[in-house]
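Hi,

Here is the structure I promised to pass on. Please open it alongside this note; what I found follows below.

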Amino acid sequence: MKFVFYTHSLISDWNHGNAHFLRGVVRDLQRRGHEALALEPQDAWSRANLVREQGSAAIERFHQTFPQHRSQIYGKDFDHDAALADADVVIVHEWTQPDLVARLGRIRRDGATFTLLFHDTHHRAVSAEGDTAGLALDDYDGVLAFGETLRERYLRAGWGKSVFTWHEAADDALFRPIPDAERTGDLIWIGNWGDDERSAELLEFLVRPVKSLGLNTTVRGVRYPDHALDALSEAGIVYGGWIANADVPLAFARHKVTVHIPRRPYVERLPGIPTIRVFEALACGIPLISAPWDDAENLFTPAQDYLLAGDGEEMKRNLRDVLLDPGWAASLAASGLKTIKARHTCRHRVDELFAVLARCGTSRVTMCLHSQEAAE
């Protein structure tokens, strides 16, 4: 089958974690013999910032790292009807402009035979509800929501015909342990400062514990304002800026522990949805300690796959315990990795996607799925 993904960007992962997941999904679809094409807008904010900050070499690096991935950039005169003429499945990410979301729905309504799905991986449905409420989803065959609480929000609001939970996951062909890497630091945190959605939490659960313990710590990510950089520097934390997700496994391997500090909208209004960094860190076999987060869907097992810290003092104690007890650290890492391998890889999510297509796909897609099953 041919899958077409309307995404903010496949090429750029600058402040765009969904690119990690999409790359893994595309990889697994190709592994199974399917064709996958990403369509991304000419004015994609993530790609523009990546080029502005890192230059065109970052784009070349993507193509070298993912030579099998196809991405086509579209502008205002792009012929979407022609691009989708031979598509079997079209998946539209929530960053897509509302007028294009509506246009794709009309193409489906007017007789296109592909299955059309909307994919939501953000908290806007609860933090900026009007943005989602205004989307024209009536002609979509289904919605993929990246957590159960978000799925329930869609159902309560009557958005979309059918809504399915489709969590993000780790591309374990890329995110994996590197046991021979030399450990050069204690703690690494990979994430973006962003729009003040977790500033207080970053200070409480990262900056102050690191300063108190005197840990050799590195932070990687983007959108750090001056006051954030000053806080890191004052705590003795090295700030390394943007990191390509292809370099993340080695960065994790060179450190002894990492932390998860969720954004406030997820903690308060969308419990059960971790960032993709949790899946990727555990897939890399590094011990993880989390700030308060309600794993409402039982994706992992607390105290076995990761540790939970209720406040900054408990974070400091947990960090000290993990760093002083290599056996305990290894046990956490092994358990987290085992859970990822068993439940949370992009292979698992593609299996789930096919189950969704079996339920709400067009007759054309259903025939393709039956043919695939017969061949297997």
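**Helix 14 and the sheet beneath**

Helix 14 (residues 312-324) lies across four strands: strand 8, strand 11, strand 12 and strand 13. Its direction makes an angle of about 155° with strand 11. Bear in mind that this is a predicted model.

Now the sheet. It is open and has six strands, in the order 10-9-8-11-12-13. The pairing is parallel. Strand 10 (238-239) and strand 13 (307-308) are the edge strands, as each pairs on one side only.

Next, strand 8 (residues 185-190). Is strand 8 buried or exposed? Six of its six residues are buried, so the rest of the structure largely encloses this strand. Buried here means under 20% relative accessible area.

Strand 8 has these partners:

- Strand 9 (residues 217-220) pairs with strand 8 through four bridges, in the parallel sense. Here Ile190 stands opposite Arg220 of strand 9.
- Strand 11 (residues 255-260) is joined to strand 8 by three bridges, and the two run parallel. Leu187 has Val257 of strand 11 as its bridge partner.

How do strand 8 and strand 9 connect? With helix 9 (residues 199-213), they make a β-α-β unit, and the unit is right-handed.

Moving along the sheet, strand 11 also pairs with strand 12 (residues 288-290). Three bridges join them, and they run parallel. Val259 stands opposite Ile289 in strand 12.

If you look at one place, try strand 8: it is buried in six of six residues, and helix 14 lies across it.

Best wishes

Notes
Residues are numbered from 1 along each chain as its sequence is written. This is a predicted model: local features need pLDDT of at least 70, side-chain atom pairs count only at pLDDT 80 or more; totals for chains, interfaces and linings use all residues. Side-chain values use heavy atoms; hydrogens and water are left out. Buried means under 20% relative accessible area, exposed over 50%, partly exposed in between (1.4 Å probe, protein chains only). Two strands pair if DSSP finds at least two bridges between them. A crossover is right-handed if, with the strands pointing away from the viewer, the path from the first strand over the helix to the second runs clockwise. Contact means heavy atoms within 4.5 Å. Axes are lines fitted to C-alpha atoms, for helices over the stretch in contact, and angles run from 0 to 180 degrees between N-to-C directions.
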